[in-house]
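Thanks for coming. I will go through one structure this morning, and I will keep to what can be read off the coordinates.

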Amino acid sequence: MSLKGFTIQFNKPGAIYVPGENITGTVIIDLSEKKNCRDFRIAFKGEAYVHWTESHAQNSTGNIVFKTKSEKERFFDFQQPLIHKPPGTEGLELPAGRSEYHFTYRLPTNIPCSFEHDIGYIRYTVRAVVNIPWGFDWWAKSAFTIVTPFDLNSVADQCIPVDDEDIKKYCCCFFGEDSIYARVKIPCTGYVPGQTIDVDVSFVVKSSRVHVTGVSAKLEEEITFYVRNEKRMDKITLQKVQTSEPLETREQIRLQVYVPPVPPSYLLFCRIIHVEYHIIVNIHVNGLYKKITRQYPILIGTIPLHSSMWPQQSNNEGIQSSTLVDSNGDKVPLCRSNLPSPKCSAPPIEWPMPSPSYKECSQKTNDIKDTDDSGNVFGADQPFAPRYPVFNFGVSSAPKQ
């Protein structure tokens, strides 16, 4: 075989692009001897694909039948020759040794962000093919990341603070009624990867039998996959923090949940994969008593809120004598705390948004093979993980692994 090497290289570090941008790069082929071919082309493809398998029992035979559900959404599929055939010829001759062929392609504008999951993906690839007469074609393939901008400032009215109260009652016919008064506060509900979500949890226990054993908060990704009129969901815990010290009957706790590299909310411009995020707060109690669970939607974007870049204003004395109101209308005081108030002043006219770094998502694929690929494709057996923008505000950092 005369083919020694066949690779695709992108000119942009990390191969990270935005919709509407030009993709430029080089196809490198290394031959031990010259080779005749019919055609030498490059193809650019972007598509979403969803698939899962369901098992069904047949009533007549009792056998289990497996059915595969699948759906595909194509965003673009463009091909062009890397070498144009000379006039009057039917083929090409590739020279021996190392040769480089440059390519460029302008991406469409309304395409979704890259995404990888076991059930489905949104994937963008470049493929080079040498068409060999009376032989097997040579293929090379490489994937790149698309980051579709999601500016949280365009939906700032949805990134509202959370100030939620709940009263959980525990009844017993012999001991009367006990209760826990809880309050959850979150400064806003719009974040970008690299930020930390401050979750303030306050509670008062009015019981000698019910005790709070711990408080936890987690960031959850909820993914919905669609195949025609059917859907399948998956939930992934991205980050989770919890208390590790004994708790009193009155506490005010701050839990900080780091936002890792993840795609933006909704996956705009894709109709078969949808992504949402939630913060779930749990107040755990002893024995068989039911815990308190509260869930709040969180928007994840690629451009942070203006208020994220401007110093917070807080009272010198922190939060003072916060109160809850019980079912009888009586005020229940909470303990004092030095936690800052989530008030923000207006941003400057030219706000200094830091440049993000790009980090791989934990959700990745082991290879980028497609059902229509040939048996041997250079680069298709390589793992791939999309890279998403991660901001460093100089305040909080990622948790230690």
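I start with a single bridge: Ile 28 has Glu 100 as its bridge partner in strand 8. Before going on, please keep in mind that this is a predicted model.

That pair belongs to a longer contact. Strand 3, residues 22-31, is joined to strand 8 by 10 bridges, and the two run antiparallel. In general, the strands of a sheet pair through backbone hydrogen bonds, in either a parallel or an antiparallel way. Here the sheet is open and has three strands, in the order 1-3-8, with antiparallel pairing. Which strands are at the edges? They are strand 1, residues 3-10, and strand 8, residues 97-106, each of which pairs on one side only. From one strand to the next, the twist averages 15°.

Now to the cavities. How many cavities of 30 Å³ or more does the structure hold? There are five. The largest cavity has about 50 Å³ of space in it.

Next, the lining of that largest cavity. From the earlier part of the sequence come Asp 164, Glu 165, Asp 166, Ala 182, Arg 183 and Val 184. The rest of the lining is Val 281, Ile 283, Ile 292, Thr 293, Arg 294 and Tyr 296. In terms of elements, at least two lining residues each come from strand 12 (162-172), strand 13 (176-186), strand 19 (273-285) and strand 20 (292-300). Which strand supplies the largest share? That is strand 20, with four residues. Sorted by class, the lining of the largest cavity has six nonpolar residues, one polar and five charged.

One of those lining residues deserves a separate look, and that is Arg 183. Arg 183 sits in strand 13. Is Arg 183 buried or exposed? Its relative accessibility is 13%, and the cut-off for buried is under 20%, so Arg 183 counts as buried. The side chain of Arg 183 makes a polar contact of 2.8 Å with the side chain of Asp 163. Asp 166 is also worth noting here: its C-alpha atom is 6.4 Å from that of Arg 183, with the two positions 17 residues apart along the chain as the separation.

From the cavities I move to an open site. The second largest pocket has a volume of about 290 Å³. It is lined by 20 residues, and those closest to its centre are Tyr 49, His 51, Tyr 121, Arg 123 and Lys 369. Two elements give two or more residues to this lining, strand 5 (39-57) and strand 10 (120-131). Strand 5 gives the most, with four residues. What is the split by class in the lining of this pocket? It is three nonpolar, six polar and 11 charged residues.

The last stop is a loop residue, Gln 195, between strand 14 (190-191) and strand 15 (196-206). Why does Gln 195 count as buried? Because its relative accessibility is 9%, and buried means under 20%. A polar atom of the Gln 195 side chain lies 2.9 Å from the backbone nitrogen of Val 192. Along the chain, Gln 195 and Val 259 are 64 residues apart, yet their C-alpha atoms are separated by 5.7 Å.

That is where I will stop.

Terms used. Residues numbered from 1 in each chain as written. Predicted model: local features only at pLDDT ≥ 70, side-chain atom pairs only at ≥ 80, totals over all residues. Heavy atoms only, no water. 1 Å grid on protein atoms, 1.4 Å probe; cavity = no way out; pocket = protein on both sides within 12 Å on 5 of 7 lines; lining within 4 Å. Points joined across faces, edges and corners; volume = space filled by probe spheres on them. Nonpolar A, V, L, I, M, F, W, Y, C, P; charged D, E, K, R; others polar. Buried < 20%, exposed > 50% of the residue type's maximum accessible area, 1.4 Å probe, protein only. Polar contact = N/O pair within 3.5 Å; in protein donor to acceptor, adjacent residues only side chain to side chain. Pairing = 2+ DSSP bridges. Axes fitted to C-alpha atoms, helices over the stretch in contact; angles between N-to-C directions.
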